[in-house]
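Dear colleague,

I am handing over the structure we spoke about, with the sequence alongside. Please look it over before reading on; my notes follow below it.

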Amino acid sequence: MKFFRIISSFSFFSLLFINSCRYIQESDQQTGEELAKVHCASCHLFPEPELLDKSSWTNNVLPDMALQLGFQINGDMVYPDIQQEKRGDSTYWVSKSAMSIDDWNKIVAYYTEKAPEKIARQNRPPIKEITGLFDVSASQVQKNGFPAVSYLKIDEGNQQIYEASYFDSSLSVFDKNLKPVSSRKLKATIVDIDFSEDLKKAGVRSGFMTSIGLMHPNDFRKGKLLDFNATVQSKALIDSLQRPVQSIAVDLDNDGYKDQLICSFGNKNGVLAWYKNLQNKGYVKKVIRELPGAIKAYITDENKDGLPDIWVLFAQAQEGIFLFMNKGNGEFDTKEILRFPSVYGSCYFEMIDLNKDGYKDILYVNGDNADLTRHVLKNYHGVYAYLNNGKNQFKQAFFFPINGCYKAIARDFDRDGDIDIATISYFADKKNQPQEGFVYLEGQGKLSFRPYTIKEVNAGKWLTMAAGDIDGDGDDDLIIGSLDWSKQYSQDIARKDTAFLLLRNRTIKP
């Protein structure tokens, strides 16, 4: 995974939304459900009451929503936010709330009445079988350190592993036997590297590194895009970024120079933007979508016009997958592909032909549970497959529930002709089924899978994962990285000595 997205999925309302809501006509005839659909759905997909339990709505989400709508809270009482404004020679007392108290109370009553006492548990058997596909070995954390892996990548051509650590802001390289090759301190938390070279071929590496700045939720402009060169000191090319998580070097305006597409996730503020390359004399920012939550992007050419188009997953408030069609001159049209409820906790997606019909499908993962309802396990967290009908219209065809699922990689790991899926969970149900921390879904054909785990699943809290052929034997191996903010471990839950695991594929089929 590219970074640690510990963020509230219930940051429902931007300032733009609050301002626009002031002018919505309210009626005494509207029900709580109707009011919720008007006010909530004006910014994001309407959240059904059944998505959370009654206690979460009443004690966590609704009070936070009230504050964002401009109300004040004193104890259990909600009041309008009345502020003094001076206009000319007169002074007015003006409510800053987006709706009346009566209408707000209707919304509260609607969610309180309709929400279940508890969310139903995930409807699947426990994952108990151990896969025999991988030999597992561990890379230990540094002396006096703690598991803090923020980035992992397999360099197939050089048979090496890149590991970035939040603990000491380092970037380290290991060989295929996990022996250290090099390490350097960058004074930056690296969450993504966009390599300029094909990693399937041996050679010297260069490219661009994304430093998130501060990993916890914030809107500070501490992020940077750094030049990556294996032999010289890295330098900042673009700075003052709001919590960036991914960058892609691509010529978006066809002027012959590589621009930078940057997903600045932010928190309450963020932006998807491209930075025009001024013929190697710096960059200038061009906004594509000024909303927080851009977490993963892919470049394609959908209409074969020679212009790069952009697929992006937004994982904050307006959760969903969007396609930005390049009109030329750096201008884009926006097409909504999939939308998800704002409580879903979107984390990652891949574009891969899952049913071998020649069209790229979507493998989508949701499971971020570091928000106002982190105490609740969600039965809709897991891995989804959406099949493409050939017109970039997608329909759900598969769902495998995994509490707190954080990333999934689809490959034919066992080389039997079927797609398999490797997953990690950062917010697994550690008490009842810690085995879902890593799940290998072995493909049985026609989007049917058999789930396995590994014996070492409890060795860490898995945030990052990457796939690639580390030993050059023709099959894809895996690496999974651990990050734990608490630095505290129970002996039966996680080992504090494990930074990442290498899962070496045993497959020897031609």
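I begin at a turn: in the hairpin of β20 and β21, where two residues lie between the strands, N329 takes a positive phi near 60°. Please keep in mind throughout that this is a predicted model.

The two strands on either side of that turn, β20 and β21 (residues 331-339), run antiparallel and are joined by eight bridges, and within this pairing F324 stands opposite T334 in β21. On its other side, β20 is joined by five bridges to strand β19 (residues 309-314), again in the antiparallel sense, with F314 standing opposite G320 in β20. The hairpin of β19 and β20 has five residues between its strands, and there A317 takes a positive phi near 60°.

These strands belong to an open sheet of four, in the order β18-β19-β20-β21, with antiparallel pairing. Its edge strands are β18 (294-300) and β21, each of which pairs on one side only, and neighbouring strands of the sheet are turned by 20° against each other on average, if direction is ignored. The pairing of β18 with β19 is antiparallel and extends over six bridges, K296 having L313 in β19 as its bridge partner. As for β20 itself (residues 320-328), eight of its nine residues are buried, so the strand is largely enclosed by the rest of the structure.

Two contacts of R289 involve phenylalanine rings: the charged end of R289 sits over the ring of F314, 4.5 Å from its centre, and R289 also lies over the face of F322, at 4.2 Å from the ring centre. The next residue to look at is E290, which is found in the loop between β17 (283-289) and β18. Is E290 buried or exposed? With a relative accessible area of 60%, E290 is exposed, since the cut-off for that class is over 50%. The C-alpha atom of E290 is separated by 4.4 Å from that of V271, although the two residues are 19 apart along the chain.

Turning to the aromatic residues, the structure holds 29 aromatic pairs. One of them is formed by F134 and Y440, whose rings meet edge-to-face, at 5.7 Å centre to centre and with 85° between the planes. Because F134 lies in strand β5 (residues 134-140) and Y440 in strand β28 (residues 438-445), the pair ties together parts that are 306 residues apart in sequence. F134 counts as buried at 6% relative accessibility, and Y440 is likewise buried, with a relative accessible area of 1%.

A further edge-to-face pair is that of F174 and F500, at 5.5 Å centre to centre and with 70° between the planes. This pair, too, links distant parts of the chain, with F174 in strand β8 (residues 170-175) and F500 in strand β32 (residues 498-505), 326 residues apart. Both F174 and F500 are buried. Elsewhere, ring pairs link F340, Y344, Y364, Y380, Y384, Y386 and F399 into a cluster.

Among the helices, I looked at α4 (residues 101-114), which has 14 residues and reaches 20 Å from its first C-alpha to its last, close to the 20 Å expected at 1.5 Å a residue. Which residues of α4 are buried? They are D103, W104, I107, Y110 and Y111. Seen down the axis of α4, the buried residues fall within an arc of 120°, so they line one face of the helix, whereas D102 and E113, on the other side of α4, are exposed.

Finally, there is strand β26 (residues 405-411), which is mostly covered, six of its seven residues being buried. β26 pairs with strand β27 (residues 420-425) in the antiparallel sense over six bridges, and in this pairing C405 stands opposite S425 in β27.

With best regards

Note on methods:
Residues numbered from 1 in each chain as written. Predicted model: local features only at pLDDT ≥ 70, side-chain atom pairs only at ≥ 80, totals over all residues. Heavy atoms only, no water. Buried < 20%, exposed > 50% of the residue type's maximum accessible area, 1.4 Å probe, protein only. Pairing = 2+ DSSP bridges. Phe/Tyr/Trp six-rings, centres within 6.5 Å; stacked < 30°, edge-to-face > 60°. Lys NZ or Arg CZ within 6 Å of the ring centre and 35° of its normal. Axes fitted to C-alpha atoms, helices over the stretch in contact; angles between N-to-C directions. Expected span 1.5 Å × (residues − 1). Arc of directions from axis to C-beta.
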